[in-house]
Structures are given as C-alpha cells and as structure tokens.
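Me: I would like to go through this model with a few questions. Please show the sequence and structure first.

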Amino acid sequence: MPTTTLGRCSSMDTNTERWIKDWSYYLRMERRMSQNTVSSYVSDTEHFFEACGRKPLELCADDITGYIASRSESISKSTQARFLSSLRSFFDWLVLEGERKDNPVDRVDAPKAGRYLPSVLSVREVEAIMEAVNTRNWTDIRDRAILEVLYGCGLRVSECCQLLISQVYLDEGYVRVMGKGSKERLIPMGEVAANAFADYLEVRPEPQSQAFSDIAFLNCFGKPLSRVSVFKTVKKYALLAGVTKEISPHTFRHSFATHLIENGADLRVVQEMLGHESILTTEIYTHLDSSTWQSSILSHHPRGMVKK
C-alpha cells in the first residue's frame, strides 16, 4: 500500500481525510493505478488542502488558481500539471460519489509545458558504464545485472526492483513484466543481459524471508532493493566511467528505445516493449518528431503520399 500522510494532517477536517482515504482505495482497486501513482496523487491532494485551508465542498477554481500562482516560481510546469491531474481525479471522484455537482479543476487552465527530453547515453557511454563495474564480489555482479537489465530490456526502475526470478526466461530469451496498470508485456532479453542475470543468480544471497524468495534483486540483508538504491547504483558507475551527464535509471530506458529506433526497429514494436498506451509517448522517448514518423509511414503506404 502506498505510503501517504493520511491520519497525520492536522489542518484537514475529518471528512476531507475520509474522502481522500476512500478515493485512494478507489484509485487502487477500481482504477488499478500503480502504487507510485496513487501515492503521488494522494500526496499532492493532501498538501493542497493543508495549504489552502478550504474544505472540498467549498472549494472553487479561484482557490486552485491562487495556489498554483503562489508556487509557480518554486515548482516546474510539469509538476503543476501533475498537481492539477491529481486534484481533477479527486474531484471527479467526489462528483461520482454525489458529493459535488461540479469539478472546479475544469475551469482551471493547465500550464503549457515544454517538450521534455531526458538525457540519452551514447552506445560508447553505455559500454563505459558497464565496464566500470568490477565484478569481484557478489554486489558488483548484482549491480552489473541490474544495469544490463535496465538497458537491455528498457525496464522502469520500479519494474526492475519488483522483478521476479520466475518472470525471467533465460533459455527462451525474454522477460515477462507487469507494468503500469497491471498490464503485462513480454520483452526480448539479449545474450549479454541474460548472461549477466545468470551470473548474478549464482551468487544471489539468501532471502531474509520466504516472501522475498522470488524477488530477483536483493540487498545485503536479503531484502528487495529500493528505488533509491538503484538510483545510487546508476550514479556510482556513471561517475566511475567518467560520464558527466545527469542520468538516472530512466536514462537507460530512454537510451534503450533511442538506440533501437536508430538501428531501424519499428516504432510500434518499441511502443509495445516500453508499455506505452500511445505511440506519441514513444515518439517523444525516441527523439522523433511527429513529422518524421508520419512521413515514414505514409511513404510506405500506397495511398499515403499526396502528390504535389
């Protein structure tokens, strides 16, 4: 269950606390949202009601606009957009439950965010990071496996931390991943990543309890690795490799997609492997503007090109 501040918000009235708790349950159980998404939505909404001091049924669009304006210099436009998405979901739920007749967020203009493209590693930089791992002890072997799986399979950091041994089919050469919204996808696993994972399994520590027996990546105490640990691992080896770009585990996912496209992989195939609902999301990931992939598709369709 996501960790939230429910029950510790002294400035929120009892009804607001109860509604947020029920809404979070709705997001998890009925909307099937991931734990991380639910946690972010709830945190945004709680912080808002703590700051504004208004009750949900009294709130109007001006209250929301004023709150955003008061924080516009301290938070990015993407963060503002996420906050509005969180609040919109909460008030949609209140309308659904018959507590309100309208959603005040509908009258608030969303900030126009620019096109964000995270850093992408070159193939040589990826190789340098992998080579920076000195596999003299079991934690090094584990770290190498993590890096190879992140890059070789394009996993999200949460998917890497939650990866099960039973989801990795080394002989068949693929990984079965349960992604956002509990949507399953199959991803081919190359020889390099498969070998690194197999090497790790030979030195994997004993799990602390039976509950962790199928979790792939464990820490020194036999517990699942945290997202923070994976972030630190990536930054550690990037520094050792002399890579000065600001990177994170997500950079490997982005590089995975970019390198596939650069080497001729079909955009739809990459979309499926990344687990994106929209191909436009994949297009952003792979640095291709819409005109590029649109012209590519139309140029191969018998009735796609318009004669000038």
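Me: Which residues in helix 4 are buried?
Reply: The model is predicted, and helix 4 covers residues 77–96. A residue counts as buried under 20% relative accessible area. In helix 4 the residues that meet this are Q80, F83, L84, S86, L87, S89, F90, F91, W93 and L94.

Me: What covers the buried residues of helix 4?
Reply: The cover comes from elements that include three helices. Among them are helix 1 (14–29), helix 2 (35–52) and helix 3 (61–71).

Me: How many Å does helix 4 reach from its first C-alpha to its last?
Reply: Helix 4 has 20 residues. At 1.5 Å a residue, 28 Å is expected, and the reach in the model is close to that. From first to last C-alpha, helix 4 reaches 28 Å.

Me: Why is one side of strand 1 and of strand 3 left without a neighbour in the sheet?
Reply: The sheet is open, with three strands in the order 1-2-3 and antiparallel pairing. Strand 1 (168–169) and strand 3 (184–188) therefore each have one side free in the sheet, because each stands at an edge with a single partner strand.

Me: Which residue in strand 2 is the bridge partner of V168?
Reply: Strand 1 pairs with strand 2 (residues 174–178) in the antiparallel sense, over two bridges. In strand 2, the bridge partner of V168 is V175.

Me: How many Å apart in space are A198 and L170, C-alpha to C-alpha?
Reply: A198 lies in helix 8 (residues 191–203) and is partly exposed, with a relative accessible area of 26%. A198 and L170 are 28 residues apart in sequence. In space, their C-alpha atoms are apart by 7.7 Å.

Definitions and conventions:
Residues are numbered from 1 along each chain as its sequence is written. This is a predicted model: local features need pLDDT of at least 70, side-chain atom pairs count only at pLDDT 80 or more; totals for chains, interfaces and linings use all residues. Side-chain values use heavy atoms; hydrogens and water are left out. Two strands pair if DSSP finds at least two bridges between them. Helices (H or I, at least four residues) and strands (E, at least two) are DSSP runs, numbered from the N terminus. Buried means under 20% relative accessible area, exposed over 50%, partly exposed in between (1.4 Å probe, protein chains only). The expected span of a helix is 1.5 Å times one less than its number of residues. Contact means heavy atoms within 4.5 Å.
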